[in-house]
Each structure stands twice: as structure tokens, then as C-alpha cells.
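Me: Please take a close look at a single part of this structure, the largest pocket. How do the residues of its lining divide into nonpolar, polar and charged?

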Amino acid sequence: MVSRLLPTESVGVWTDAPVEALPAAPPWLAITDPVAARLARLRDPRDRRAAVSARALAVLVVADLLGVRPGDVRLAQRCPGCGGDDHGAPFVEGYPDVHVSWSHTRAHVAAAAAPTPVAVDVEEAVADVDTLASHVATATERAWLAQHDAPLAFARLWSRKECAVKLGRIDLGGMTAIAFSDGRELLTRVDGASVLDRSTTERALVAMTAGELRWTPAHRLRADV
């Protein structure tokens, strides 16, 4: 495939949507055999549906960023460790300067695409916050958690940690290497990257990038072939 360049002065795009808002089998979504095999291994059909919807939403934000049809976008993944192409860091075939990220729960999906490294994460509120926080939160983050509704507050913090992992800023064994709170509030800029938060009372939704992102409602994204 011939490599093409992202239009100059492009601003990244991010969005989210309920799983049901995306078609179950969009005609413009290319699923490779390795990805199809991985989807088939998911036992719960809700997980398979959410995983497909997240990839579909990622195609839509990439298409919006590039100004092309969704059918012209091909997503791929490559694991730097094992070389597998059914998981690992995502990229857009033919556009080496486009960065893409997606995330899902069983009920909700989120995606982002940008000319700079970008990560997005969506999380539902979780139980047993104290045990989790003791392993992944810094002292200032735990102080902030103590002042807020614990399940949702932890989800907002965890989404930030997930984004930092996706960007390679931290790894799963070093979750306390970066603090996302000073003890009084969550920070909007950490380690040279902006942290964007569109969380609701139901779920956490966070994006992280060193560049600029614009929010676009999912229903405004072009979804024709």
C-alpha cells in the first residue's frame, strides 16, 4: 500500500458512543483473519459486539481526520513483543503519520485519531477501589480519591493510567511513575501531554495527547461506504 500524508495543520478527533449506536457489521469495516479469530475467542457476545463497535468508531474518526470515506480506512495492529497482528499498538495502513486509539466497555465505545500520539480510554465505575488504589495510585492520587465518590473517581483516574500506558509513558508495572493529581484536583496536563476528560456520572471517558483534539459527536461522523 502506498503511504500517504496527513493533510497539513490537522487537528485530532475524538468521540464516544453507546455500542448500540454503531452497526453490528458495518460494510466498510475490514476485519482481518487474526482479528476475527481473536473476536471468536470472546465467549460473551456482548464483548464481541463492543470490540467490533470500537474498531468501527475508530475507522470513523480516522476517516473524519483524513477527509476520506470509512471504506478507505484500514486499521491494523502489531505487537512489539510477539509480532502478533491481532493485538498490540494500532495504526492506519498507508498513513504512517496518523495515530489512532480505541476503547470499549460492554456498553460504550470511544475512539481518537490524531497527527500526534493519542490515547483514549472509557471505563465503568469499579468496586473494591481501596485495594486497587493501593497498588496503582500515588499518595496525592489517593488523597484526591478520598475526597470524591470512590467508584467513579477511581475510574477517571484509571482511565488516565490506561492512556499513559497506551502512549508508552508508563507500564503496567509502574503505574505510580506519573501522578495525575496533586491531591486537590485532577491535573489537565501531565508529562508534556494534555488530559481531556468528558466523564459522566455513569462512566469515565479520557483522552491524552501532546497535540490538539477536537470533540465531534459520533452521529456527525460520515458513515457511508
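Reply: The lining of the largest pocket divides into 14 nonpolar, six polar and five charged residues, where Ala, Val, Leu, Ile, Met, Phe, Trp, Tyr, Cys and Pro count as nonpolar, Asp, Glu, Lys and Arg as charged, and the others, Gly among them, as polar. This is a predicted model, in which local features need pLDDT of at least 70, side-chain atom pairs count only at pLDDT 80 or more, and totals for chains, interfaces and linings use all residues. Residues are numbered from 1 along each chain as its sequence is written, and side-chain values use heavy atoms, with hydrogens and water left out.

A pocket here is an open set of points, on a 1 Å grid over the protein atoms alone, where a 1.4 Å probe fits, with protein on both sides within 12 Å along at least five of seven lines, and its lining residues have an atom within 4 Å of a point. The volume of the largest pocket, taken as the space filled by probe spheres set on the points, which are joined across faces, edges and corners, is about 750 Å³. Of the 25 residues that line this pocket, Arg-38, Gln-77, Gly-88, Pro-90 and Trp-102 are the closest to its centre. The elements α1, α2, β3 (89-92) and β4 each give two or more residues to the lining, helices being DSSP runs of H or I with at least four residues and strands runs of E with at least two, numbered from the N terminus. Among these elements, β4 provides the largest share of the lining, five residues.
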